[in-house]
Amino acid sequence: MNWSLLGRLAVLLVAAVLTLGPVMWTLSTSLRPPSESFSLPPRFLPWDPDFTSYAGVFEQIDMIRLVVNSALTTGLIAAGQMITAAMAGYAFARIKFKGRTALFGIVLATMMIPVQVTIVPVFMIIRGMDLADTLLALIIPAVPTAFGTFLMRQYFMGIPLELAEAAEIDGASQWRIFRSIYLPLATPGMAIVGILAFNYHWNEFFRPLILTISEGNFTLPLGLVSLQGNMGTGSISVVLAGVILSMIPALIVFFFGQRSLRAGLTAGIGK
């Protein structure tokens with residue numbers, strides 16, 4: 001008997017249960033009437049699925065508007081981070097300029113600063129730009145990404161330097177080298193930046209809570225809070241039905257982007 005294989009399978013099984021268990025419980029509770037949500041002993045599988053909680057989500061909140069706001073915000077942030085991270089990563093990896101190492105160290109240092117520390121000056125700047133309580137207030141400050149810059153820098157440093165040298169001999173400029181040679185090769189790395197940015201900002205709650213006031217500019221996490229009702233008197237089944245609905249776009253993005261994500265994460269292993 002292969003004990004090593006059994007041990008690995010046991011670890012993977014425990015990890016799968018810990019990861020998927022809460023999600024399955026959320027789905028199960030959303031398909032039960034509220035009266036059965038806290039029954040003892042608890043029942044994991046609903047014997048008579050009830051989908052009225054999902055209809056209740058659309059009755060209590062403007063789900064379509066919330067999804068559109070979140071999709072527009074996270075989509076533009078993800079696209080912006082992919083572009084800025086690729087350009088900054090290439091500059092730090094391949095362009096020699098004075099103070100490059102020190103500047104890159106400062107960029108990395110910003111990763112250790114919590115968003116709660118910078119939210120007040122960011123809010124003051126946004127208000128000074130007359131962008132308060134708009135979706136742009138969420139998009140513009142989130143476009144620069146220190147982690148994405150670091151990731152793309154490491155990715156570009158793994159691409160052979162001879163490609164740039166050959167292009168320079170042919171008279172290509174740095175912009176042409178970046179756009180025509182390095183950028184196509186860095187697509188998997190950009191996919192990682194985009195997918196991680198989308199998943200993070202799709203579930204973001206703190207910044208939208210501070211920077212938006214009007215319900216018309218709320219993102220999905222803020223809208224789901226209203227399902228709890230006053231003093232938490234809302235239906236737990238409706239709340240969890242909203243949570244399940246909010247997970248669907250992120251799952252779709254992961255489903256279509258998993259090949260690029262896997263290619264980016266495994267790039268260079270065989271070298």
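These are my notebook entries on the pockets, the cavity, the salt bridges and a surface patch of a predicted model.

**Entry 1: the largest pocket**

I began with open space. The largest pocket holds about 890 Å³. I counted 29 residues in its lining, and the ones nearest the centre are Thr110, Pro141, Pro144, Thr145 and Ala146. I then asked which elements give two or more residues to this lining. They are α3, α5 (115-128), α7 (146-157) and α10. With five residues, α10 gives the most. Sorted by class, the lining of the largest pocket comes out as 19 nonpolar, eight polar and two charged residues.

**Entry 2: the second largest pocket**

Next I looked up the second largest pocket, with a volume of about 300 Å³. It is lined by 15 residues, and Asn203, Leu224, Val243, Ser246 and Met247 are the closest to its centre. At least two lining residues come from each of α10, α12 (220-225) and α13 (236-265). Which helix has the largest share here? I found that α13 does, with seven residues. By class I noted 11 nonpolar and four polar residues in this lining, and no charged ones. My cross-reference for later: α10 gives residues to the lining of the largest pocket and also to that of the second largest pocket.

**Entry 3: the enclosed space**

Then I turned to space with no way out. How many cavities of 30 Å³ or more does a search of the whole structure find? The search finds one, and about 60 Å³ of space lies in the largest cavity. I wrote down its lining: Asn69, Ser70, Thr73, Thr74, Leu138, His201, Trp202, Glu204, Arg207, Pro208, Thr219 and Pro221. Two or more of these residues come from each of α3 (63-94), α10 (187-202) and α11 (206-211). The largest share is that of α3, at four residues. The class tally for the cavity lining is four nonpolar, six polar and two charged residues.

**Entry 4: the salt bridges**

Glu204 and Arg207 in that lining sent me to the charge pairs. Side chains of opposite charge can pair when their charged atoms come close. I found two salt bridges in the structure.

One of them joins the side chains of Arg207 and Glu204, at 2.6 Å from N to O. Are these partners buried or exposed? Both Arg207 and Glu204 are buried. My picture here is of a buried pair whose two residues also line the largest cavity.

The side chains of Asp62 and Arg65 form a salt bridge too, at 3.7 Å from N to O. I checked the cover on each partner. Asp62 has 45% relative accessibility, so Asp62 counts as partly exposed. Arg65 has a relative accessible area of 43%, so Arg65 is partly exposed as well.

**Entry 5: a nonpolar patch**

Last, I looked at the outside. Leu20, Met24, Trp25, Leu27, Phe44 and Leu45 make a nonpolar surface patch of about 540 Å². I picked one member, Phe44, and asked where Phe44 is found. Phe44 sits in the loop between α1 (3-30) and α2 (52-60). Why does Phe44 count as partly exposed? Its relative accessibility is 40%, and partly exposed covers values between the buried limit, under 20%, and the exposed one, over 50%.

Definitions and conventions. Residues are numbered from 1 along each chain as its sequence is written. This is a predicted model: local features need pLDDT of at least 70, side-chain atom pairs count only at pLDDT 80 or more; totals for chains, interfaces and linings use all residues. Side-chain values use heavy atoms; hydrogens and water are left out. Patches are made of residues with over 30% relative accessible area and no salt bridge: like charges are joined within 9 Å, nonpolar side chains (Val, Leu, Ile, Met, Phe, Trp, Tyr) within 5 Å. Accessible areas come from the Shrake-Rupley method with a 1.4 Å probe; for residues, only the protein chains shown count as cover. A salt bridge is a side-chain nitrogen of Lys or Arg within 4 Å of a carboxyl oxygen of Asp or Glu. Buried means under 20% relative accessible area, exposed over 50%, partly exposed in between (1.4 Å probe, protein chains only). On a 1 Å grid over the protein atoms alone, a cavity is a set of points where a 1.4 Å probe fits but cannot get out, and a pocket is an open set with protein on both sides within 12 Å along at least five of seven lines; lining residues have an atom within 4 Å of a point. Grid points are joined across faces, edges and corners, and a volume is the space filled by probe spheres set on the points. Ala, Val, Leu, Ile, Met, Phe, Trp, Tyr, Cys and Pro count as nonpolar, Asp, Glu, Lys and Arg as charged, and the others, Gly among them, as polar.
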